[in-house]
Amino acid sequence: MRQKRDYYEVLGVGREAPEQEIKSAYRRLAMQYHPDRNPDRKEESEEKFKEITEAYSVLADQQKRAAYDRFGHAGVSGSSGGPDFNSSIFSDFEDIFGDLFGFGSVFGRNAAARGRGAGAIDLRYDLEISLEEAATGLETKIKIPRWEACRICEGTGARPGSNPQSCPTCAGRGQLRHQQGFFTVTRTCPQCQGVGHIIRDMCNQCKGEGRVNTERVLDLRIPPGVDDGTRLRVAGEGGVATRGSIPGDLYVILKIRDHAFYERRGNDLYFTIPISVSQAALGADVVVPTLRGEERLRIPEGTQSGSVFRLRGLGMPTLEGRGRGDLYISVFVVTPTRLSRDHRRWLEILAPFVRISNLPLERRAAEKVKDVFG
Ligand SMILES: [Zn+2]
Ligand SMILES: [Zn+2]
């Protein structure tokens, strides 16, 4: 990976820049480098767009900005940028996510808490994939209906060439204050709805709203090792709620379809195969399916029903990209049925040699067997 650039440099602002300046620098650059506006240089602009979104997500957050000022990139590593699958940063949303289904929900609280202003809409998209796709990772396209900044007026709502004017009611502050006894009460300016400016000459495309409702197709890269419920954050690909606001983030929630025979526990995979009495008694080589193709499994002589074999490293890859889980194969011995007269005769000959005492298993031994099955 190449060296990360300084976040202030990325946004082209000074180290002392006030919040408002950082916000407008981000808006200007995001407009300029949005991949959809640069179809002929898509990859380059995508990189650039991610870079500025990452820089913004740190500098717009007071705490993160302070950490960045003191420790540089090390102070904020893993906290932002690109698809993000560090589950800890999502813990804030657990309670909100619980109530949501479908698409297009607003996380107003979260947006405000993260210093993006009230104008960001975080979107949720549910995506179902197979276990094999979860193992290899996947590149796919998803279609997102969302509100995004109007491209004609660059989100201002004003006709290009004209300028929005400072709101006369609140003098551009977006809020009105008045004294009520000992208290100062603040409320959102009714004329500009808190934006601070008003549009006299409206943009035709968005009717002055500064945003348009559209359906966007996004490229999505799912890393190997994702699990049921994994949330991928795609920074800056959410919606905008109001004129001139910054887009929220898109959260892709993954569902892994049930597999025909694999059962997954963490990064390990399990399945069961039947073996015959003679394979169990004499030993055998059997061919078993794995994620990377067929493998030979040696069943040793005298294998009991319920025995579990482990194939190391043939489970799921880890999301961190280091190592893999294991594959556990349990066997059960199938008792022959519908015997012919000859077969029956052979088993009767065998019977005296395989006699065992049919006493109940001691509890501890019985529990052990259960453990093996989990
Ligand atoms: Zn417009
Ligand atoms: Zn106003």
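The following paragraphs lead through a predicted model of a protein chain with zinc ions, from its overall make-up to its helices, metal sites and strands.

The protein chain has 374 residues, of which 40% count as buried. Its secondary structure comprises 10 helices and 17 strands. Among contacts between residues at least 6 apart in sequence, 62% join residues at least 24 apart. The pLDDT of the chain averages 82, and 85% of the residues score at least 70. Residues 79-116 call for caution: pLDDT stays under 50 over this stretch, although the model has 81 contacts for it beyond four places in sequence. Where pLDDT is low, the predicted coordinates should not be read in detail.

The description begins with the helices towards the N terminus. Helix H2 covers residues 19-33. With its 15 residues, H2 reaches 21 Å from its first C-alpha to its last, close to the 21 Å expected at 1.5 Å a residue. The buried residues of H2 are Ile22, Ala25, Tyr26, Leu29, Ala30 and Met31. They are covered by elements including helix H1 (7-11), helix H3 (42-59), helix H4 (62-71) and strand E3. Glutamate 19 also lies in H2, but this residue counts as partly exposed because its relative accessibility is 48%. Between the C-alpha atoms of glutamate 19 and glutamine 62 the distance in space is 8.9 Å, while the two residues are 43 apart in sequence.

Helix H3 has 18 residues and spans 25 Å from its first C-alpha to its last, close to the 26 Å expected at 1.5 Å a residue. Buried positions in H3 include Ser45 and Phe49, followed by the run Glu51, Ile52, Thr53, Glu54, Ala55, Tyr56, Ser57, Val58 and Leu59. The cover over the buried residues of H3 includes H1, H2 and H4. H2 and H3 thus appear in each other's cover: H3 is among the elements over the buried residues of H2, and H2 is among those over the buried residues of H3.

The metal sites come next. The zinc ion (ligand 1) has as its protein donors the SG atoms of Cys150, Cys153, Cys203 and Cys206, which lie 2.3 to 2.4 Å from the ion. The angles among these four donor atoms are 102 to 119 degrees, and the site is tetrahedral. In sequence, the donor residues follow the spacing C-x2-C-x49-C-x2-C. Cysteine 153 lies in the loop between strand E3 (138-149) and strand E4 (165-166), and cysteine 203 lies in the loop between strand E7 (197-198) and strand E8 (211-222), so the pair ties together parts that are 50 residues apart in sequence. Cysteine 153 is buried, with a relative accessible area of 5%, and cysteine 203 is buried at 1% relative accessibility.

The zinc ion (ligand 2) has the SG atoms of Cys167, Cys170, Cys189 and Cys192 as its protein donors, at 2.2 to 2.3 Å. This site is also tetrahedral, with angles of 101 to 117 degrees among the four donor atoms. The spacing of its donor residues is C-x2-C-x18-C-x2-C. Cysteine 170 lies in the loop between E4 and E5 and cysteine 189 in the loop between E6 and E7, so this pair ties together parts that are 19 residues apart in sequence. Cysteine 170 is buried, at a relative accessible area of 1%, and cysteine 189 is buried with a value of 1% as well.

Strands E5 and E6 form a hairpin with two residues between them. Strand E5 (residues 175-180) and strand E6 (residues 183-188) run antiparallel and are joined by six bridges. Within this pairing, histidine 178 stands opposite valine 185 in E6. In the same hairpin, glycine 181 takes a positive phi near 65 degrees.

A further antiparallel pairing links strand E9 to strand E11 (residues 250-256) over four bridges. Arginine 231 stands opposite isoleucine 253 in E11. In a regular strand the side chains alternate between the two faces of the sheet. Strand E9 (residues 231-234) shows this arrangement: Arg231 and Arg233 point one way, and Leu232 and Val234 point the other way. What is the burial state of these residues on the two sides of E9? All of Arg231, Arg233, Leu232 and Val234 are buried.

Conventions: Residues numbered from 1 in each chain as written. Chains lettered and ligands numbered in written order. Predicted model: local features only at pLDDT ≥ 70, side-chain atom pairs only at ≥ 80, totals over all residues. Heavy atoms only, no water. Buried < 20%, exposed > 50% of the residue type's maximum accessible area, 1.4 Å probe, protein only. Pairing = 2+ DSSP bridges. Donors = N, O, S within 2.8 Å, 3.2 Å for Na, K, Ca; no water. Tetrahedral: all angles 85-135°; square planar, octahedral: opposite > 155°, others 65-115°. pLDDT = per-residue confidence, 0-100. Contact = heavy atoms within 4.5 Å. Expected span 1.5 Å × (residues − 1).
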